[in-house]
Amino acid sequence: MHAPLSPSFSLASPRGHSLDPPEVLALFLELHRRSQHRIYLLYVMRESGILADGAGAEIYLVDDKKFEVVEQLAHDECRCTFILKDKMNWPYRMELLKKGSWRVESFQEQCVGCFGEGTDGGHDWGCGVCGGSGWGVL
Ligand SMILES: [Zn+2]
């Protein structure tokens, strides 16, 4: 067992159950807001139990610390996606996976190459910036 970094970095919600997706999102945004370095963000996420196994490369730390939730897309019982926007209205996507508990798999901005379309200006091949996912950078 790891000692908690501070009393506010608690695994359990006040109601005593494991965190649901909106609670994981709120905790992530709080940790993101406090983090100056990406490696620190990943560390405190892992310590808080909200970092998915193998995740890291697709979790961004951005300068903008103020995000607004646009929508929550619940795909099924073990996958959930949030669409957010920063103060410039640029979209971000957060994906959560449930493996025992809900954890963050990715937090990426919308691709600046294709604006989320995943294609390269009408050509057959996929966007060279994001690889066709419409989010993040290859
Ligand atoms: Zn793209």
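Leaving aside its neighbours within four places in sequence, which residues is F28 in contact with? Select F28 and look around: beyond those neighbours, F28 is in contact with M45, I50 and V104. Keep in mind that you are looking at a predicted model. We'll come back to F28 soon, but let's get our bearings.

**Stop 1: the whole chain**

Switch to a cartoon view. You should be able to pick out two helices and four strands. Follow the chain along the sequence and the pattern reads α-α-β-β-β-β. Now color by burial, if your viewer can do that: of the 138 residues in the protein, 28% are buried. And of the contacts with a separation of 6 or more, 35% are between residues 24 or more positions apart.

**Stop 2: helix α1**

Select residues 21–34, which make up α1. This helix has 14 residues and reaches 20 Å from its first C-alpha to its last, close to the 20 Å expected at 1.5 Å a residue. Now highlight V24, L25, L27, F28, L31 and H32, which are the buried residues of α1. Look down the axis: they cover an arc of only 165°, which puts them on the same side of the helix. What do the buried residues of α1 pack against? Show α2, β2, β3 and β4, and you have the answer. Turn the view and you'll see α1 lying across β2, β3 and β4, running at about 55° to β4.

**Stop 3: the core**

Next, show side chains for V24, F28, M45, I50, M94 and V104. In the largest nonpolar core, which has 22 residues, these touch the most other members. So F28 from our opening turns up here again. Which elements give two or more residues to this core? They are α1, α2 (38–47), β2, β3 (91–99) and β4 (101–109). The largest share, five residues, comes from α1. There is also a second, separate core of five residues; select C111, C127, C130 and W135, which are among its members. As a general rule, nonpolar side chains tend to be buried together in soluble globular proteins.

**Stop 4: the sheet**

Hide the helices and look at the strands. The four of them form an open sheet in the order β1-β2-β3-β4, with antiparallel pairing. β1 and β4 stand at the edges with a single partner strand each, so one side of each is left without a neighbour in the sheet. The twist averages 20° from one strand to the next.

Zoom in on β1, residues 68–76. Is this strand covered or hardly covered? Hardly: among its nine residues, the count of buried ones is zero.

**Stop 5: from β1 to β2**

Bring in β2, residues 79–85. A hairpin joins β1 to β2 through two residues. The two strands run antiparallel, and seven bridges join them. To see who faces whom, select these pairs one at a time:

- Q72, which stands opposite F82 in β2
- L73, which stands opposite T81 in β2
- A74, which stands opposite C80 in β2

**Stop 6: from β2 to β3**

Now step across to β3. Seven bridges join β2 to β3 as well, and this pair also runs antiparallel. For one facing pair, select R79 and find L97 opposite it in β3. The hairpin formed by β2 and β3 has five residues between the strands. Click on N89 in that turn: N89 has a positive phi of about 70°.

**Stop 7: L84**

Finish at L84, which lies in β2. Is L84 buried or partly exposed? L84 has 19 C-beta neighbours inside 10 Å, and because a residue needs 20 or more to be called buried, L84 counts as partly exposed.

Now select F67 too and try the distance tool. L84 and F67 are 17 residues apart in sequence and 6.2 Å apart in space, C-alpha to C-alpha. What else is L84 in contact with, leaving aside its neighbours within four places in sequence? Besides F67, select E68, V69, V70, Y92 and M94. You've already met M94, one of the residues that touch the most other members of the largest nonpolar core.

Methods. Residues numbered from 1 in each chain as written. Predicted model: local features only at pLDDT ≥ 70, side-chain atom pairs only at ≥ 80, totals over all residues. Buried ≥ 20, exposed ≤ 12 C-beta atoms within 10 Å, placed from the backbone. Contact = placed C-beta atoms within 7 Å. Pairing = 2+ DSSP bridges. Core = buried A, V, L, I, M, F, W, Y, C linked by C-beta atoms within 7 Å. Expected span 1.5 Å × (residues − 1). Arc of directions from axis to C-beta. Axes fitted to C-alpha atoms, helices over the stretch in contact; angles between N-to-C directions.
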